[in-house]
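Here are my notes on this entry, point by point. Please read them with the structure open.

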Amino acid sequence: MIASFAVYPTPLLGLSDNPDVSRGDDPVNFLSMSKLTRTGTERLDCRLEISIRWPDMSNPPSPPAWTLTAVQELMAAPLNDLLYRAHGVHRTHFDPNAIQLSTLLSVKTGGCPEDCHYCPQSLRYTSGVESEPLLPLDEVVSRAKQAQSAGATRFCMGAAYRGPKERDLSKILEYIVAVKALGLETCATLGLLDEDQARRLAEAGLDYYNHNLDTSETYYPEIITTRRYADRLKTLEHVRQAGMRVCCGGIVGLGETVQDRAELLLALSRLDPPPESVPINELVPVPGTPLAHAPKTDPIDFVRVIAVARILMPRAHVRLSAGRSSMSRELQALCFFAGANSIFYGEKLLTTPNNDADQDHALFAALGLRAEGPLETGARTNVHAD
Ligand code: SF4
């Protein structure tokens, strides 16, 4: 009698990334059974063949196609179950104790014609943010050097535009060339881009382009009316076609429902390919903006968003972005456990305050975290898809 079983290593079953079966090509043969008969015990000789099939890592299986219902179930799962799963995915794809550091500089502040209800840089609101022209090149370079010596590996340049005007774009291209020459990764967030603008940014050496979806497509018209969701998706398409990496995330605390959060995360994960970098922001309510009095997000709900983002986009750097300065150390630690592995580092995020660098160093020391080096910014490649 021959019984044959195929045993899959545990990662394929989603249980662990450390299978405790040893790899070998020979089937394992063992088993002897006996049965009781009226005349006594009769020995049955059986051979059990176990063949261990290891996945072909050169051709990993496609990630599962998530549905809205499945994402909603994840969002509603018992917190411990959700954290356990998210942390397992995180460990499979990244060093869990390494955090990527990005620094964001506003290279052109305020005076934006758009009406994003959360943004103090819109000229429609009296938030107290003054309009400032593009910074001189030497100032951008000097700020990039400071960020680099403080440990940042990526330098993001943000400008408050609907989209960059021609005369500004040529200056921004110079920034990119100069910052790239320092050995930093470059990122820019300049609003909507057409195909040609995306190509020129890529040619200048821009590594990442940030353009957030902000919220679900359903809730989006409640937050922004001057540009459509489809316009954002078009810009992301141009960025991809130009060969740049995508940084795209959203904001929690705009008054959206849990379903909106699930829809946002699903939309992000369905970008093809999904973004390499996913900033998750908590709204920082600014006086003078329409969302100045938005209620604070429950911290546990925020952690859930991080965890679900990690599960849906296993290879992305999930960035704990705006709002971190009002989070306790414990909440940040929980976000790191749930799968956040990138932060904005530096005293300001465009126009809103950010954590003090000394506080961040103390937090990293307390948690045993280290800053991810410049050569580690891609997710591990020797692992299968979830
Ligand atoms: S978020 Fe960007 S596009 Fe919207 S108002 Fe602010 S600067 Fe303008």
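1. A definition comes first: a residue is buried if 20 or more other C-beta atoms lie within 10 Å of its own. V246 has 22 C-beta neighbours inside 10 Å, so V246 counts as buried. Bear in mind that this is a predicted model.

2. Stay with V246 for its surroundings. V246 sits in strand β8, which covers residues 245-247. Beyond residues up to four places away in sequence, V246 touches Y209, L236, V239, R240, L271, P275 and E276. One of these contacts, L236, lies 10 residues from V246 along the chain. The C-alpha atoms of V246 and L236 are 7.2 Å apart.

3. Now the overall picture. The protein chain has 11 helices and 15 strands. Of its 386 residues, 40% count as buried. Take the contacts between residues at least 6 apart in sequence: 77% of them join residues at least 24 apart.

4. Strand β4 deserves a look. It spans residues 98-108, and 10 of its 11 residues are buried. Which strands pair with β4 in the parallel sense? Strand β5 (residues 154-159) does, over six bridges. Strand β12 (residues 342-344) also runs parallel to β4, joined by three bridges. Strand β15 (residues 370-371) pairs with β4 in the parallel sense too, over two bridges.

5. The register of β4 can be checked residue by residue. A98 has R370 of β15 as its bridge partner. Q100 stands opposite S342 in β12. S102 faces R154 in β5. For the connection, follow β4 through helix α4 (residues 137-149) into β5: the three make a right-handed β-α-β unit.

6. Next, the ligand. Which residues surround the ligand? They are C112, E114, C116, C119, Q121, S122, A160 and G191. By class, this shell has four nonpolar, three polar and one charged residues.

7. The largest nonpolar core holds 83 residues. Within it, M157, A188, I306 and A309 touch the most other members. Helix α9 (residues 299-312) gives this core its largest share, nine residues. As background, nonpolar side chains in soluble globular proteins tend to be buried together. A188 is worth selecting: leaving aside neighbours within four places in sequence, A188 is in contact with C156, M157, I172, I176, L201, L206 and Y209.

8. Y84 is a contrast case to inspect. Y84 belongs to helix α3 (residues 79-93). Why does Y84 count as partly exposed? Y84 has 14 C-beta neighbours inside 10 Å, and a residue is partly exposed when the count lies between the exposed limit of 12 or fewer and the buried limit of 20 or more. Y84 and A307 are 223 residues apart in sequence, yet their C-alpha atoms are 9.3 Å apart.

9. Two backbone details need checking in any setup. A cis peptide bond joins D272 and P273, with omega about -5°. P273 is in the loop between α8 (258-269) and β10 (277-282). The other detail is D214: its phi is near 75°, a positive value in a residue other than glycine. D214 lies in the loop between β7 (208-210) and α7 (229-241). Is D214 buried or exposed? D214 counts as buried, because it has 22 C-beta neighbours inside 10 Å.

Technical notes:
Residues are numbered from 1 along each chain as its sequence is written. This is a predicted model: local features need pLDDT of at least 70, side-chain atom pairs count only at pLDDT 80 or more; totals for chains, interfaces and linings use all residues. Helices (H or I, at least four residues) and strands (E, at least two) are DSSP runs, numbered from the N terminus. Two residues are in contact if their C-beta atoms, placed from the backbone, lie within 7 Å. Two strands pair if DSSP finds at least two bridges between them. A crossover is right-handed if, with the strands pointing away from the viewer, the path from the first strand over the helix to the second runs clockwise. A residue is near a molecule or strand if its C-beta atom, placed from the backbone, lies within 6 Å of it. Ala, Val, Leu, Ile, Met, Phe, Trp, Tyr, Cys and Pro count as nonpolar, Asp, Glu, Lys and Arg as charged, and the others, Gly among them, as polar. A nonpolar core is a set of buried Ala, Val, Leu, Ile, Met, Phe, Trp, Tyr and Cys residues joined through C-beta atoms within 7 Å.
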